[in-house]
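Open the model in your viewer with side chains shown as sticks. The stops below go from charged pairs to an unpaired charge and then to aromatic rings.

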Amino acid sequence: MAIKLTLKHSERVLFCASKWWGDPDMPENMQYPTIEVNEDGETYDYPLTFICQINCEEIAPYDKDGSLPHEGMLYFFAALDKWLGYDSPTQNGLGEWARGHFVVKYAKSINFETFQSCMLVDDEDQALTEREMEIVFSECSDDERCIKMLGIPSSAEVTEKYPGLVNLLQIVKDPELDVEFEGELNLMMKPSDLKFGNWKKSVTHLR
């Protein structure tokens with residue numbers, strides 16, 4: 001079984017809880033991920049979009065095979081601005097994305113005293129992030145077309161292209177999620193890499 005992620009607006013304080021959008025709550029020594037961009041002869045670091053953080057204790061009841069960590073926090077970042085309707089120097093399109101354009105980070109434990117919200121602001125100190133949403137977890141079939149962790153891509157075409165890979169995260173258009181693609185964004189890994197947390201060995205594909 002896969003793990004379905006249902007997004008909802010909530011008045012709950014989501015500091016160090018599972019949440020979509022908003023600001024990541026990270027250890028002091030964890031760096032916010034960026035990619036190097038070369039634009040008009042100038043090279044600079046461009047921040048990736050924070051997608052979500054997953055408090056691993058919250059998914060443990062649904063991860064019967066122990067494929068994912070059951071403690072600590074998983075973070076997902078991607079070069080997603082273009083698909084949210086913003087101007088962006090990164091132009092990831094359909095097909096496989098370059099490595100480093102979808103990044104997973106992991107903190108082995110959560111400490112409310114030392115974790116801090118990492119906020120991205122513009123030149124006028126206005127927040128650059130979307131309003132955070134609570135994540136509610138439930139079980140779903142391996143190939144269900146939804147926002148989910150584990151299972152296989154809901155597109156048979158993607159499953160055939162990447163045989164043996166499983167989802168770490170699948171993103172699809174959702175009533176609460178205003179993305180400008182109609183297909184699926186899949187972050188996939190070999191089961192062996194997933195088991196040992198080799199996050200850098202993931203493959204990203206947008207259909």
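Select Glu-144 and Lys-4 first: their side chains meet in a salt bridge at 3.6 Å, N to O. The term salt bridge is used for a side-chain nitrogen of Lys or Arg within 4 Å of a carboxyl oxygen of Asp or Glu. Glu-144 lies in the loop between strand 11 (133-140) and strand 12 (148-149) and Lys-4 in strand 1 (residues 2-8), so the pair ties together parts that are 140 residues apart in sequence. Strands (E, at least two residues) are DSSP runs, numbered from the N terminus. Glu-144 is partly exposed at 25% relative accessibility, and Lys-4 is partly exposed at 26%. Here buried means under 20% relative accessible area, exposed over 50%, and partly exposed in between, with a 1.4 Å probe and protein chains only.

The model is predicted: local features need pLDDT of at least 70, side-chain atom pairs count only at pLDDT 80 or more, and totals for chains, interfaces and linings use all residues. Residues are numbered from 1 along each chain as its sequence is written, and side-chain values use heavy atoms, with hydrogens and water left out.

How many salt bridges are there by this rule? The count comes to 9.

Next, select Glu-184 and Arg-145, whose side chains form a salt bridge at 2.9 Å, N to O. This pair links distant parts of the chain, with Glu-184 in strand 14 (residues 184-189) and Arg-145 in the loop between strand 11 and strand 12, 39 residues apart. Glu-184 is buried, with a relative accessible area of 3%, while Arg-145 is partly exposed at 44%. Add Glu-157 and Arg-207 to the selection: salt bridges that share partners join Arg-145, Glu-157, Glu-184 and Arg-207 into one network.

Move to Lys-19 and Asp-25, which form a salt bridge at 3.2 Å, N to O. Lys-19 is buried, with a relative accessible area of 3%, and Asp-25 is buried at 0%.

Now select Asp-23, in the loop between strand 2 (19-20) and strand 3 (25-26). Which side chain of opposite charge is nearest to Asp-23? Lys-19 is, at 6.1 Å, and Asp-23 is buried yet has no salt bridge. Lys and Arg count as positive and Asp and Glu as negative; His and the chain ends are not counted. The side chain of Asp-23 does make a polar contact with the side chain of Thr-129, at 3.2 Å. A polar contact is a pair of N or O atoms within 3.5 Å; within protein, one must be able to donate a hydrogen and the other to accept it, and residues adjacent in sequence count only if both atoms are side-chain atoms. Not counting residues up to four places away in sequence, Asp-23 touches Phe-50, Gln-53, Ser-117, Cys-118, Met-119, Leu-120 and Thr-129; contact means heavy atoms within 4.5 Å.

Turn to the aromatic rings. The whole structure has 6 aromatic pairs. Rings of Phe, Tyr and Trp (its six-membered ring) pair if their centres lie within 6.5 Å; planes under 30 degrees apart count as stacked, over 60 as edge-to-face and the rest as tilted. Select Phe-50 and Phe-77: their centres are 5.5 Å apart and their planes at 50°, so the pair is tilted. Phe-50 is in strand 6 (residues 49-55) and Phe-77 in strand 7 (residues 73-78), 27 residues apart. Both Phe-50 and Phe-77 are buried. Add Tyr-32, which forms one aromatic cluster with Phe-50 and Phe-77.

Methods: Helices (H or I, at least four residues) and strands (E, at least two) are DSSP runs, numbered from the N terminus.
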